[in-house]
Every structure is written in C-alpha cells, then in structure tokens.
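Got a minute to go through this one together? Let's put it on the screen first.

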Amino acid sequence: MQKLLYHASQNGIAAFALYVDNGYNGLNFNRPAFSLMQQDMSDGRISKIVATSLDRISRNSLDVLAFADYAVSTGISLETINGDHATLDWNRQLYAALAAKGGECK
C-alpha cells in the first residue's frame with residue numbers, strides 16, 4: 001500500500017480507493033475487496049486501476065488477461081507501478097498465437 005500511496009502523491013492523484021484482500025488466495029477473484037472493486041467498475045466509479053504488479057490482480061495469467069480486457073472494454077485503464085505492461089502484452093500475444101494454432105489455454 002505504501003508504494004501505491006507514494007505513486008498517488010507523486011502523480012497528483014488526489015481521489016482514490018485502496019482495495020486490499022489480505023489473507024485471501026490470489027489464484028481467483030473470489031475476494032471481498034476485489035468483488036467490491038468490480039462492483040465499483042460496473043457502477044462507473046473507477047476510471048483507472050493502479051496496481052503494484054499484475055500478480056496483485058491475480059496469480060493466474062488467464063484471469064489477469066480477461067480482467068485487463070474487461071477493464072479496457074469498459075473504458076478503465078490498467079497501470080502497474082513496476083511496468084508489467086510488457087508482460088501483459090506478451091501473454092496476449094502468446095495466447096493469441098496458441099488459439100490461432102488450435103491450442104487451448106487453461
């Protein structure tokens with residue numbers, strides 16, 4: 001949280017909410033704060049999501065891709081402090097290539 005608060009202060013972000021799921025498994029989205037964030041996304045309360053890294057969203061790469069694509073489709077930008085965007089783009093390309101060859105991603 002300290003990294004996120006520092007990032008907000010350094011980038012002039014005055015209005016924000018922190019969604020924290022301490023003690024919950026990051027392998028799925030069945031987490032109270034994550035569910036609240038998804039509801040806030042649906043209600044139009046969020047325009048940008050900033051995470052320290054993609055694994056804070058989920059430890060499952062396919063779930064991260066699906067979540068990122070959903071966020072973009074609703075006009076919400078996704079940013080990581082550590083610059084994971086290259087990893088996200090690489091995963092998209094990998095899964096697209098596998099799908100094009102008839103492979104299935106699980």
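What follows is a short chat about this predicted model.

Biologist: How many aromatic pairs does the structure hold, and is the pair of Phe29 and Phe34 stacked, tilted or edge-to-face?

Modeller: There are three aromatic pairs in the structure. For Phe29 and Phe34, the ring centres sit 4.4 Å apart with the planes at 10°. Planes under 30 degrees apart count as stacked, so this pair is stacked.

Biologist: And which helix does the ring partner of Phe34 in the tilted pair sit in?

Modeller: Phe34 also pairs with Phe67, at 5.3 Å centre to centre and 50° between the planes, which makes a tilted pair. That pair links distant parts of the chain, with the two positions 33 residues apart: Phe34 belongs to helix 2 (residues 32-42), while Phe67 belongs to helix 3 (residues 61-73). The partner's home, then, is helix 3.

Biologist: Is Phe29 buried, partly exposed or exposed?

Modeller: Ring pairs join Phe29, Phe34 and Phe67 into a cluster. Phe34 and Phe67 are both buried. Buried means under 20% relative accessible area, and Phe29 comes in at 21%, so Phe29 counts as partly exposed.

Biologist: Over to the charges. Which strand does the salt-bridge partner of Lys48 lie in?

Modeller: Lys48 makes a salt bridge with Glu79, the closest N and O atoms being 3.0 Å apart. Since Lys48 is in strand 1 and Glu79 in strand 2 (residues 77-80), the bridge ties together parts that are 31 residues apart in sequence. The answer is strand 2.

Biologist: In the salt bridge between Asp40 and Arg45, which residue counts as exposed?

Modeller: Their closest N and O atoms are 2.7 Å apart. Asp40 has 10% relative accessibility, so Asp40 counts as buried. Its partner has 60%, and exposed means over 50%, so the exposed one is Arg45.

Biologist: Now the largest pocket: which element gives the largest share of its lining?

Modeller: The largest pocket has about 1000 Å³ of space. Among the 36 residues lining it, the closest to its centre are Leu4, Leu18, Tyr19, Val50 and Ala51. Helix 1, helix 2 and strand 1 (48-51) each supply at least two lining residues. The largest share, five residues, comes from helix 1.

Biologist: Last one: about what area does the nonpolar surface patch with Leu5 have?

Modeller: Leu5 lies in helix 1 (residues 2-10) and is partly exposed, with a relative accessible area of 31%. Together with Met1, Phe16, Leu18 and Val20, Leu5 makes a patch of about 430 Å².

Technical notes: Residues numbered from 1 in each chain as written. Predicted model: local features only at pLDDT ≥ 70, side-chain atom pairs only at ≥ 80, totals over all residues. Heavy atoms only, no water. Phe/Tyr/Trp six-rings, centres within 6.5 Å; stacked < 30°, edge-to-face > 60°. Buried < 20%, exposed > 50% of the residue type's maximum accessible area, 1.4 Å probe, protein only. Helix = DSSP H or I, 4+ residues; strand = E, 2+ residues; numbered from the N terminus. Patch = residues over 30% accessible without salt bridge, like charges linked within 9 Å, V, L, I, M, F, W, Y side chains within 5 Å. Areas by Shrake-Rupley, 256 points an atom, 1.4 Å probe, with all protein chains shown as cover. Salt bridge = Lys/Arg side-chain N within 4 Å of Asp/Glu carboxyl O. 1 Å grid on protein atoms, 1.4 Å probe; cavity = no way out; pocket = protein on both sides within 12 Å on 5 of 7 lines; lining within 4 Å. Points joined across faces, edges and corners; volume = space filled by probe spheres on them.
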